[in-house]
Structures are given as C-alpha cells and as structure tokens.
Amino acid sequence: MLPKGTIEVSEIWKRFRLDDRPTYLQDRIAQIGDRIKNRKAESWRWALRDISFKAEPGESWALVGPNGAGKSTLLKIICRVMYQTAGRVDLYGRVGALIEVRAGISPLLTGRENIFLTGSIMGLKRRDVARRFDEIVEFAELNAAVDRQVKYYSSGMQMRLGFAVAAFLSPDILLVDEVLAVGDATFQQRCLDRIRAVLAEGTTLLFVSHDLAAVEATCTNGIWIHHGAIETMGPVRQVLSAYRGAVEGEAKARSHIRGRISVLQAEASGEDGGLAKTGGPLHVDLTLHSDENYRAWIYLGVSEGAATPIFLINPGRETVLEPGSTRVQCSVPSMPLPRGKYYLWGGVYKNWTQGEELISWQPITQFEVYGPELDAAPKAVVRLSPLHVESSWDIEAA
Amino acid sequence: MPRPSEPPKNIWFRRRVSLTRSLVELWAFRELTATLAERDLRVRYKQAALGVAWAVITPVIMMLAFSLIVNKITHTNTGLHHPPYPLWSYMGLLPWTFFSSTVGGGGMSLVSNNTLLNKLYCPREVFPIAGMIDATFDALIAALVLAIMFPALGFAPASTSIYVPLLLIVLVMFTMGVTLAVSVIVVYMRDLRLAIPMVLQFGLFVTPVIYPPTKLSHHPAFLIAYSVINPLVPVIDGMRRCVLSGQPPNWTWLLAGGVSSLVFLVGGFWLFKRLETGIADVA
C-alpha cells in the first residue's frame with residue numbers, strides 16, 4: 001500500500017459515444033433499429049489516450065491544455081465519478097474535489113446544512129465537520145447568513161461556501177478544476193493562499209486552470225494535455241513554456257494581417273537592427289499599404305503569449321495614410337522586458353475613439369529579447385506578465 | 001513511437017462487482033445516506049405549511065375515498081372477524097404508499113441528484129436508498145394514524161401481528177429491487193420518468209389494495225403465480241390477515257412472493273451495478 005495522498009494513473013483511455021443522440025426512448029429504439037439493419041460498428045471518440053503519471057504525497061500538479069483537451073474528463077476519472085475505458089487509477093487517501101463548486105449545494109437548505117452535507121459526501125464524520133465548522137464559515141465570510149437558505153445567497157457567496165467546505169476538510173488529495181475564475185480578485189488570492197496552505201499540510205494537489213500565472217505560482221509539476229494525450233510532462237516552468245510556445249505558434253499560423261489596409265512588412269528589432277536587449281531600445285518598422293486616403297490612428301502593443309498585451313505603446317499615433325505604401329517607424333528608448341519571445345501587436349483605426357477598424361488589433365510580428373531572466377516568482381506570488389523594472393534597494397537598520 | 005489508436009486489449013477496464021465489498025462500502029457511507037435522506041425530508045417539509053402532516057394526508061384521503069365510495073358500490077368481504085373497511089383498506093394502503101413513494105422518489109434520485117453524482121465518488125446506491133429511508137419515515141408517521149383508528153373503530157390488532165416483520169422484509173426487498181432498477185434505467189431513458197406515475201397508478205388497481213386477492217381469481221395456481229409477479233400481493237394480504245383477522249399469512253403465497261422479491265432485489269442490484277459505470281457519461 002502506497003502512502004496516503006498518492007495518485008497513480010496508468011495507461012488511462014477514455015472514449016465517448018460519437019452519436020450522442022438525446023437519450024429518449026424513441027432514440028434508443030431508433031438506435032437499436034439501426035444496429036439491426038446495417039450492423040454498423042458503433043462509432044467512438046477517444047477523449048483520453050494513454051495517460052500515465054504518478055503524483056507523490058504533497059506534490060502539486062497542474063493540468064494545462066486548450067479547451068476540450070480532456071483535462072476535466074481526466075479529473076472526473078481520477079475522482080471516480082466517471083469510469084475509464086481502459087487503464088488503472090489508484091488513489092490512496094480521502095479525496096476533496098472542487099470540480100464544480102456549486103454543484104453539491106442544495107439551494108433549499110441553509111448554509112449550515114450544506115456544510116454538513118458536503119462534508120459527509122467527502123466521507124467525513126459529522127463531528128469532524130463540526131470541529132472545522134467555524135473556520136469554514138469564517139473563510140467563506142458567511143457570518144449570520146449561515147442559517148439562511150442558500151437560494152438567497154449571492155452567487156459569490158455560494159462559490160465561497162463551496163470552496164471553503166472542500167478546502168477545509170483536510171483531504172489527502174485535492175482536485176481543483178477551474179473554479180477560481182468566479183470569485184473577485186481578493187477571494188481568488190485567498191483561495192490560492194488556502195490551496196497553498198493545504199499543500200503545506202501535505203495534501204496532494206491536482207490543479208486545472210487556464211490561468212497560467214496562478215498555475216506557475218502554485219504547482220511544481222505540470223502536464224500539458226493536447227487532444228487527449230500527454231504532450232509534455234515535467235517541472236511546471238518547463239511545461240508552461242512549452243505550452244505557451246505552442247499557443248504562440250498557433251496564433252502565428254492564424255494571423256492574416258488583413259483589413260481595409262494591409263501590412264506589407266513588419267519588423268521589431270534592437271539597436272542597429274540587432275536583437276533587442278533588456279533595457280535597450282526597440283525599433284518597430286512597418287510598411288502599410290492603403291488603397292484610399294485615410295486619417296488613421298496607429299496603436300502598438302507587446303504581449304508574451306498570444307493573449308492580452310503586457311503593455312501598449314501609449315499614446316497612439318495619428319497620421320494620414322495616402323493611397324500606396326507608407327512606412328511607419330516607432331522607437332521605444334528602453335524596453336522593460338526580460339529575456340524571452342514576445343509578440344508585437346498592432347491595430348489601425350479610422351476614428352480614434354469610435355475605433356472603426358482598418359486593421360483589427362492582432363499580433364503582427366514576433367521578436368526576441370536578450371537579457372537577464374526574471375527570477376522565479378516566490379510561492380504565493382501570482383505574476384501576470386514579465387516586466388523587468390530597474391530598481392535600487394536601500395536597506396539599513398532604522 | 002506512434003501512439004496506438006486503441007488501448008491494448010489486456011488493459012481494458014472491466015468492472016468487478018463484489019457483493020460483500022459493495023455492502024462494506026455502503027456501510028462506510030451510512031452517514032452520507034442518512035444525511036441525504038435527512039436533506040430530502042427537510043427540503044420536502046421546509047416549504048410545506050402542513051409539514052409532516054402530508055405524510056399522513058395522502059393515505060388517509062385515499063382510505064376515506066375508498067371507504068366512502070368504493071365500499072358503497074361493491075361490498076367488500078374483509079375476511080375473518082369482519083374488520084371495518086376503513087381499517088382494512090388502510091392496512092393495504094400503508095405498504096402500497098411505501099412502495100409507490102419509494103419507487104417514485106428513489107427512482108428519480110439519480111436524475112435529481114445529477115449534480116452531486118458528478119461531484120464526488122460515493123456508491124451510487126446511496127441515492128435510491130436515501131429515497132427509501134424517506135418513504136420509511138413517511139410510512140411510520142402514517143402508521144401512527146392506526147393508534148387513532150383502532151380505538152375509534154373499536155377494534156384491536158391481533159396477536160398474530162408478530163408475523164408483520166416477515167412481511168416487511170419481503171416488502172423492502174421487492175421495493176428496493178424495483179427502485180434500484182428504475183433509478184438507473186431512468187438515467188438512460190429520460191422519458192420513462194413520465195411513465196412512472198402512470199405505471200404506479202395502474203399498479204394501485206392491479207394490486208389487491210382496495211379489494212381482496214380472491215376477487216381476482218379463486219384459482220390457487222393463479223394466485224401463486226400472481227404473488228411471484230407482484231410480491232405486494234402476499235404482503236398486503238398478509239398484513240390484513242395477521243393484524244386484523246388473527247391468522248398467519250398465506251405461507252404458499254408469501255414463499256412465492258419472498259423468493260420472487262429476492263430475485264427482484266438481486267436483479268435490480270445487478271442491473272444497477274452494470275449500468276452504474278456509464279451514468280456520468282450520459283447524465
């Protein structure tokens with residue numbers, strides 16, 4: 001018997017029926033009829049293919065991947081809500097799951113009754129729940145509302161209640177599936193703090209999130225799932241950078257720079273056309289082609305992945321585009337970016353505030369920056385974007 | 001190495017169901033079962049102005065309806081010692097109401113607890129079992145009415161009432177078997193839930209609840225066969241014999257019904273376990 005908190009997943013496969021007809025009687029009969037008539041083999045879709053990994057007690061694992069990759073299916077199989085088609089799952093210890101925080105909550109019962117109900121679903125005795133009851137209520141900030149029916153709660157309160165119950169019942173294994181997106185910023189940070197406190201108590205964590213910054217600040221190991229199969233597995237930073245790289249590549253393949261005007265050429269470089277350096281200048285050189293005469297506003301920005309920009313080059317530039325080609329150059333004297341690959345985003349608008357698009361906001365070229373790498377964020381610090389800011393410290397006894 | 005398109009045959013997941021392990025697990029989850037039953041009761045009575053009285057109202061209204069109307073149209077022979085018809089029909093309505101509310105409530109339990117099912121693992125039987133506990137609670141409250149009815153009608157329960165637990169075992173086995181099967185089938189065929197009240201209504205009339213089984217036929221073989229198909233027949237008949245007429249139950253019928261209800265229970269459990277693995281895929 002392995003120690004409590006171990007998750008061992010070996011060669012998990014899962015398939016779903018492809019002809020997912022609604023399950024009404026007439027459909028069933030129709031299905032049976034089809035099968036008798038042409039003896040057609042049933043069609044299946046493999047949602048998970050050959051997933052194996054082992055999490056030791058106290059480890060924190062992240063599952064990342066695009067929507068529909070199979071992350072939630074894997075989580076459901078691990079917590080035995082769903083059964084695998086092939087393979088083995090071995091779990092040791094009690095499992096707490098935050099899969100759909102509000103799922104287990106009965107709206108007609110009071111907060112107090114719900115806490116006990118969720119507790120017993122997790123296999124706890126009433127007295128264990130009673131012992132932690134005050135902590136749960138305090139964390140969820142329910143106060144007097146704890147004796148009110150949950151249907152009168154705000155959705156934030158319901159979320160907090162669900163999270164608090166699951167996180168305070170000291171499971172050996174905690175499964176978290178993209179649930180933090182609901183609460184406000186303060187509560188999200190508190191949830192992450194709580195997850196880390198649970199980790200410190202020796203709980204094994206399996207964390208599914210699209211919030212890569214939160215993943216990086218919480219987990220030590222990562223698995224990137226793509227189309228139901230493991231793409232990369234290992235230390236979280238390594239997995240995340242591979243995943244980010246793939247997302248970027250995809251974005252590049254997708255970006256057709258078209259609009260009512262087009263980008264003929266785009267380049268972002270450092271001094272003398274070389275690579276950009278941390279703290280050094282960045283020169284952007286664009287050639288636009290226009291068929292008509294426009295009074296246009298040009299905006300530029302920089303992002304790390306193909307998601308929201310880290311910063312915009314502000315302000316935008318108003319200019320007149322004559323029919324034919326126009327060369328646009330922009331210089332940033334000092335780039336506050338650490339080493340890495342970045343995207344240059346651009347957009348051209350006709351009427352500044354109304355923003356009629358001539359070129360929609362999108363990544364237009366990629367560039368690399370050389371320089372020092374940022375230190376890894378300390379635990380519990382969620383870092384959204386990598387900026388390298390010059391600073392000087394002065395510490396003395398006071 | 002290219003990934004195979006299907007898993008190798010030797011690792012395919014085959015669910016092994018062990019009866020003893022299932023029972024041990026069920027026992028481990030007894031607190032959850034109790035909590036679920038308690039929740040359903042609370043939810044049901046929380047918003048009802050008359051509260052727990054509803055458990056009594058349904059069978060009492062039926063008893064009154066049968067006593068005032070049915071008994072006027074067709075005079076019923078209530079058997080040895082001629083117990084009063086209201087008592088006689090109430091004695092049949094109690095097990096019937098227990099059966100129908102368990103099948104109706106417990107049969108829907110997997111569908112109505114859909115969100116819980118997708119949250120965490122627990123043996124799925126806890127949901128239909130919790131439904132049965134609720135129905136038991138209601139039946140016990142409804143049985144309290146007997147404490148008024150017996151003195152009011154000047155009748156007393158017979159000493160043969162000691163056979164009642166035996167009848168209840170048959171009743172519980174049959175009810176549980178049917179409920180387990182219904183609850184899991186409904187997950188796969190959603191529109192069957194619309195058929196459940198109809199089938200139960202039909203069941204009320206084909207089961208000798210408001211008339212004695214001998215009204216159906218006097219042929220002994222028929223009644224034995226009918227006890228096999230519908231074990232409620234010997235249960236309801238037995239309740240009246242034991243409690244009201246001071247007779248032991250009809251042992252042949254009871255044996256037929258008892259064996260059959262055991263088959264219902266095992267079959268229902270087997271079906272439940274077979275179909276249980278796919279619940280999360282279709283729900």
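The following questions and answers concern a predicted model with chains A and B.

Visitor: How many helices are there in chain B?
Guide: Read along the sequence, chain B follows the pattern α-α-α-α-α-α-α-α-α-α-α-α-α-α. Chain B has zero strands, and its helices number 14.

Visitor: What percentage of the residues of chain B count as buried?
Guide: A residue is buried if 20 or more other C-beta atoms lie within 10 Å of its own. Among the 283 residues of chain B, the share that counts as buried is 41%.

Visitor: Is helix 3 of chain B roughly parallel or roughly perpendicular to helix 7 of chain B?
Guide: The axes of helix 3 (residues 53-73) and helix 7 (residues 126-143) of chain B come within 8 Å and cross at roughly 65°. Angles of 65 to 115 degrees count as roughly perpendicular. Therefore helix 3 of chain B is, with respect to helix 7 of chain B, roughly perpendicular.

Visitor: How many residues of the contact of helix 3 with helix 7 of chain B are nonpolar?
Guide: From helix 3 of chain B, B:A55, B:V56 and B:P59 meet B:D138, B:I141 and B:A142 in helix 7 of chain B. These residues include no polar and one charged, and the nonpolar ones number five.

Visitor: Which element of chain A gives the most to the side that touches chain B?
Guide: In the model, 36 residues of chain A are in contact with 30 residues of chain B. Elements that each supply at least two residues to this side of chain A include strand 1 (7-17), helix 1 (25-38) and helix 3 (111-121). With five residues, the element of chain A that gives the most is helix 3.

Conventions:
Residues are numbered from 1 along each chain as its sequence is written. Chains are lettered from A and ligands numbered from 1 in the order in which they are written. This is a predicted model: local features need pLDDT of at least 70, side-chain atom pairs count only at pLDDT 80 or more; totals for chains, interfaces and linings use all residues. Two residues are in contact if their C-beta atoms, placed from the backbone, lie within 7 Å. Helices (H or I, at least four residues) and strands (E, at least two) are DSSP runs, numbered from the N terminus. Axes are lines fitted to C-alpha atoms, for helices over the stretch in contact, and angles run from 0 to 180 degrees between N-to-C directions. Angles under 35 degrees count as roughly parallel, over 145 as roughly antiparallel, 65 to 115 as roughly perpendicular and the rest as oblique. Ala, Val, Leu, Ile, Met, Phe, Trp, Tyr, Cys and Pro count as nonpolar, Asp, Glu, Lys and Arg as charged, and the others, Gly among them, as polar. A residue is buried if 20 or more other C-beta atoms lie within 10 Å of its own, exposed if 12 or fewer, and partly exposed in between; C-beta atoms are placed from the backbone.
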